[in-house]
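Subject: the model, plus notes

Hi,

Here is the structure we talked about passing along. Have a look at it first, and then read on for what turned up.

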Amino acid sequence: MRIAVALGGPRSLYWVSPDGHTMRMSVTPVAAGSLVTLRREKAPRNLTARELEVLTYLARGLSNAEIGRELHASHRTVATHVERILDKLDCHSRVAAAGIATAEGIVLPLR
């Protein structure tokens with residue numbers, strides 16, 4: 001995590017753990033380095049755990065078919081998740097959703 005902080009990355013981010021829980025990792029600079037805290041927390045903007053997974057791949061530039069392969073879901077199921085994500089983030093494009101998610105620290109920016 002020091003790399004993300006050194007690169008000016010977000011101070012917190014969300015991800016879905018293998019057991020299906022939404023987790024938030026926060027990084028706080030302290031005198032000796034960085035304090036990293038992990039906590040189970042609801043995703044922002046009322047996103048579900050699955051929508052958070054889809055948004056993470058969407059922000060990396062994957063198509064619905066590619067996201068479906070990663071998540072073992074049909075491209076149509078992914079399209080439905082994308083529609084709901086756009087609605088919850090109040091935007092009209094995948095690019096805008098990726099921008100909002102990155103700016104709000106919901107997902108890590110591409111480097």
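Below are my notes, going from the overall fold to the helix packing and then to a couple of single residues.

**Overall**

One thing up front: this is a predicted model, so please read everything below as computed from it. The protein has five helices and three strands. Starting at the N terminus, the order of elements is α-β-β-β-α-α-α-α. Its radius of gyration comes out at 14 Å, close to the 13 Å that the globule rule gives for 111 residues, so the protein is as compact as a globular protein of that length. If you want a box, the C-alpha trace spans about 50 × 30 × 25 Å along the principal axes. Of the 111 residues, 38% count as buried. As for contact order, take the contacts between residues at least 6 apart in sequence: 46% of those join residues at least 24 apart.

**How the helices pack**

I went through three helix pairs. Start with helix 2 (residues 49-59) and helix 4 (residues 75-88): they pack at about 90 degrees, and their axes are 9 Å apart. That angle makes helix 2 roughly perpendicular to helix 4. On the helix 2 side the contact uses Arg-50, Glu-51, Val-54, Leu-55 and Leu-58, and on the helix 4 side Val-78, His-81, Val-82, Arg-84, Ile-85 and Lys-88. By class, this contact has six nonpolar, one polar and four charged residues.

Next, helix 2 against helix 5. Here the packing angle is about 105 degrees, again with the axes 9 Å apart, and the two helices are therefore roughly perpendicular to each other. Leu-55, Leu-58 and Ala-59 of helix 2 meet Arg-94, Ala-97, Ala-98 and Ala-101 of helix 5. The class split for this contact is six nonpolar, no polar and one charged. Note that Leu-55 and Leu-58 take part in the contact with helix 4 and also in the one with helix 5.

The third pair is helix 3 and helix 4, whose axes come within 8 Å and cross at roughly 105 degrees. These two are therefore roughly perpendicular to each other as well. Helix 3 contributes Asn-64, Ala-65, Ile-67 and Gly-68, while helix 4 contributes His-75, Val-78, Ala-79 and Val-82. This contact divides into five nonpolar, three polar and no charged residues. Val-78 and Val-82 of helix 4 turn up here and in the contact with helix 2.

**Buried faces**

Which residues of helix 3 (residues 64-71) are buried? They are Ile-67, Gly-68 and Leu-71. Looking down the axis of helix 3, you see them fall within an arc of 105 degrees, so they line one face of the helix. Helix 2, helix 4 and helix 5 are among the things that cover them. Right after helix 3 comes His-72, with a positive phi near 55 degrees.

Helix 5 (94-103) can be read in the same way. Its buried residues include Ala-97, Ala-98 and Ala-101. Down the axis of helix 5, the buried residues fall within an arc of 100 degrees, so they line one face of the helix. That buried side packs against helix 2 and helix 4. The face turned away from it carries the exposed residues Val-95 and Ala-103. Just after helix 5, Gly-105 also has a positive phi, of about 75 degrees.

**Two single residues**

Ala-43 sits in the loop between strand 3 (33-40) and helix 2. Its relative accessibility is 6%, so Ala-43 counts as buried. Setting aside neighbours within four places in sequence, Ala-43 is in contact with Tyr-14, Thr-22 and Leu-52. Its C-alpha is also 8.1 Å from that of Arg-24, a residue 19 places away in sequence.

Leu-108 is in the segment after helix 5. Is this leucine buried or partly exposed? At 44% relative accessibility, Leu-108 counts as partly exposed. Leu-108 and Ala-98 are 10 residues apart in sequence, with 9.8 Å between their C-alpha atoms.

That's what I have for now.

Cheers

Conventions: Residues are numbered from 1 along each chain as its sequence is written. This is a predicted model: local features need pLDDT of at least 70, side-chain atom pairs count only at pLDDT 80 or more; totals for chains, interfaces and linings use all residues. Side-chain values use heavy atoms; hydrogens and water are left out. Axes are lines fitted to C-alpha atoms, for helices over the stretch in contact, and angles run from 0 to 180 degrees between N-to-C directions. Helices (H or I, at least four residues) and strands (E, at least two) are DSSP runs, numbered from the N terminus. Angles under 35 degrees count as roughly parallel, over 145 as roughly antiparallel, 65 to 115 as roughly perpendicular and the rest as oblique. Contact means heavy atoms within 4.5 Å. Ala, Val, Leu, Ile, Met, Phe, Trp, Tyr, Cys and Pro count as nonpolar, Asp, Glu, Lys and Arg as charged, and the others, Gly among them, as polar. Buried means under 20% relative accessible area, exposed over 50%, partly exposed in between (1.4 Å probe, protein chains only). The arc is that of the directions from the helix axis to the C-beta atoms. The radius of gyration is taken over C-alpha atoms; the globule rule is 2.2 Å times the number of residues to the power 0.38.
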